[in-house]
Amino acid sequence: MKSLPREIKQIIEPQPVTEGAGVRLKRSIGTQKLDYLDPFLLLDHFQSSHPGDYEAGFPLHPHRGIETVTYVLTGEVRHKDTLGNSGSIGAGDIQWMTAGRGIMHEEMPQVRPEGIAGFQLWVNLPAKFKMIKPRYQEIRSGEIPEIKKEHGEKIRVISGTVAGVPGPVTDIAANPVYLDVSIPAHTSFRQPIERGHAAFAYVFEGEARFAGGEKEDGTKVTHPKLVVLGDGDYVQVATDETPVRFLLVSGKPLHEPVARYGPFVMNTEEEIEQTLRELQEGTFVTT
Ligand code: MN
């Protein structure tokens, strides 16, 4: 089969949203323009040096049926849950939290001179794994491999494999690839992505041309933007005068019904009602 580039399918302008107890962030998946990019339910980008934008944080709240993936670029997020887990995610660290049948946790960005920056992605769980035991994969920055290519491209491999190097996050149902890609000016970059998987690039620094659109050499995308990629075998990106940095994420679609209610994502309305009943009766979290 001929190898095909994944062209731009949609460019999403991130929407300002206030979430938690008053955290200002930019949301690009889980919006009116892009409700669901199966298996990805939500993508939030937080970045501020003003404590008032983030210090209220995300006090105690539940999740069920999904995974929440927090990647911190700058600053620190402290977390703890009612199962007794607690810790802190700092610059370059990632937390891949599989909520499964349920956790109640808080996520509190710390006020620091450098402020806060990072992402939270929600990945859906297939029906057969929605009620599994909660699990954390918390990876320190130093344990995330960084591939350096010949023209100065840098790829931090969080999950998936690049140039034979596997990322530290493993055994995730959606078989996701999660990369943090930096490309210098005047460089072209190509990365294979499994055909049939959903894929996006979230451009958060600089600008680059992505394959597709009216011009033969691609369409220029300037940060912050979400680029939804059409199907194919690889993504093709090129920079001009400005370097670029983006998340490149892909995963296997579930093709299952979605019943979504805030932090709970199940397959049917009955399962959501059951979840709300358990919350009310105090039986939601079981160890
Ligand atoms: Mn949460």
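## A guided tour, stop by stop

Glu 67 stands opposite Val 123 in strand β11. Select these two residues to begin. You are looking at a predicted model, so treat each stop as part of a prediction.

**Stop 1: the strands around Glu 67.** Now widen your selection to strand β6, residues 66-74, and strand β11, residues 116-124. These two run antiparallel to each other and are paired over 8 bridges. How many strands form the open sheet, and in what order? There are 7, arranged as β2-β3-β4-β11-β6-β9-β12 with antiparallel pairing. Color β2 (15-19) and β12 (135-139) to see the edges, where each strand pairs on one side only. Follow the sheet across and you will find a twist that averages 20° from one strand to the next.

**Stop 2: the metal site.** Next, select the manganese ion. Which residues coordinate the manganese ion? His 61, His 63 and His 105 each do so through NE2, and Glu 107 does so through OE, at 2.1 to 2.3 Å. Along the sequence, the spacing of these donor residues reads H-x1-H-x41-H-x1-E. The pair His 63 and His 105 links distant parts of the chain: His 63 is in strand β5 (residues 58-63), while His 105 is in strand β10 (residues 103-109), 42 residues apart. Are His 63 and His 105 buried or exposed? Both His 63 and His 105 are buried.

**Stop 3: along strand β10.** Keep β10 selected and show its side chains. They alternate along the strand. Ile 103, His 105, Glu 107 and Pro 109 point to one face and are buried, whereas Met 104, Glu 106 and Met 108 point to the other face and are not buried. Then add the neighbors. Strand β5 pairs with β10 in the antiparallel sense over 4 bridges, and here Pro 62 stands opposite Met 104. Strand β7 (residues 76-81) also pairs antiparallel with β10, over 5 bridges. In this case, look for His 79 opposite Glu 107.

**Stop 4: salt bridges.** Side chains of opposite charge can pair when their charged atoms come close. The whole structure holds 19 salt bridges. Select Arg 112 and Glu 114 for one of them, with N to O at 2.8 Å. Arg 112 counts as partly exposed because its relative accessibility is 34%, and Glu 114 is partly exposed too, with a relative accessible area of 36%.

Now move to Asp 180 and Arg 245, whose side chains meet in a salt bridge of 2.6 Å, N to O. Asp 180 lies in strand β17 (residues 177-183) and Arg 245 in strand β23 (residues 244-251), so this pair ties together parts that are 65 residues apart in sequence. Both Asp 180 and Arg 245 are buried.

Stay on Arg 245 and add Glu 205: these residues also form a salt bridge, with the closest N and O atoms 3.6 Å apart. Because Glu 205 lies in strand β19 (residues 198-210), this pair ties β23 to a part of the chain 40 residues apart in sequence. Glu 205 is partly exposed, with a relative accessible area of 38%. Before leaving, select Glu 207, Arg 209, Asp 217, Lys 220 and Asp 240, which are joined into one network by salt bridges that share partners.

**Last stop: a nonpolar patch.** Switch to a surface view and select Tyr 261, Leu 276 and Leu 279, which make a nonpolar surface patch of about 250 Å². Leu 276 is found in helix α1 (residues 269-281). With 31% relative accessibility, Leu 276 counts as partly exposed.

How values were computed
Residues are numbered from 1 along each chain as its sequence is written. This is a predicted model: local features need pLDDT of at least 70, side-chain atom pairs count only at pLDDT 80 or more; totals for chains, interfaces and linings use all residues. Side-chain values use heavy atoms; hydrogens and water are left out. Donors are N, O and S atoms within 2.8 Å of the metal (3.2 Å for Na, K and Ca); water is not among the atoms, so sites may look incomplete. Buried means under 20% relative accessible area, exposed over 50%, partly exposed in between (1.4 Å probe, protein chains only). Patches are made of residues with over 30% relative accessible area and no salt bridge: like charges are joined within 9 Å, nonpolar side chains (Val, Leu, Ile, Met, Phe, Trp, Tyr) within 5 Å. Accessible areas come from the Shrake-Rupley method with a 1.4 Å probe; for residues, only the protein chains shown count as cover. A salt bridge is a side-chain nitrogen of Lys or Arg within 4 Å of a carboxyl oxygen of Asp or Glu. Two strands pair if DSSP finds at least two bridges between them. Axes are lines fitted to C-alpha atoms, for helices over the stretch in contact, and angles run from 0 to 180 degrees between N-to-C directions.
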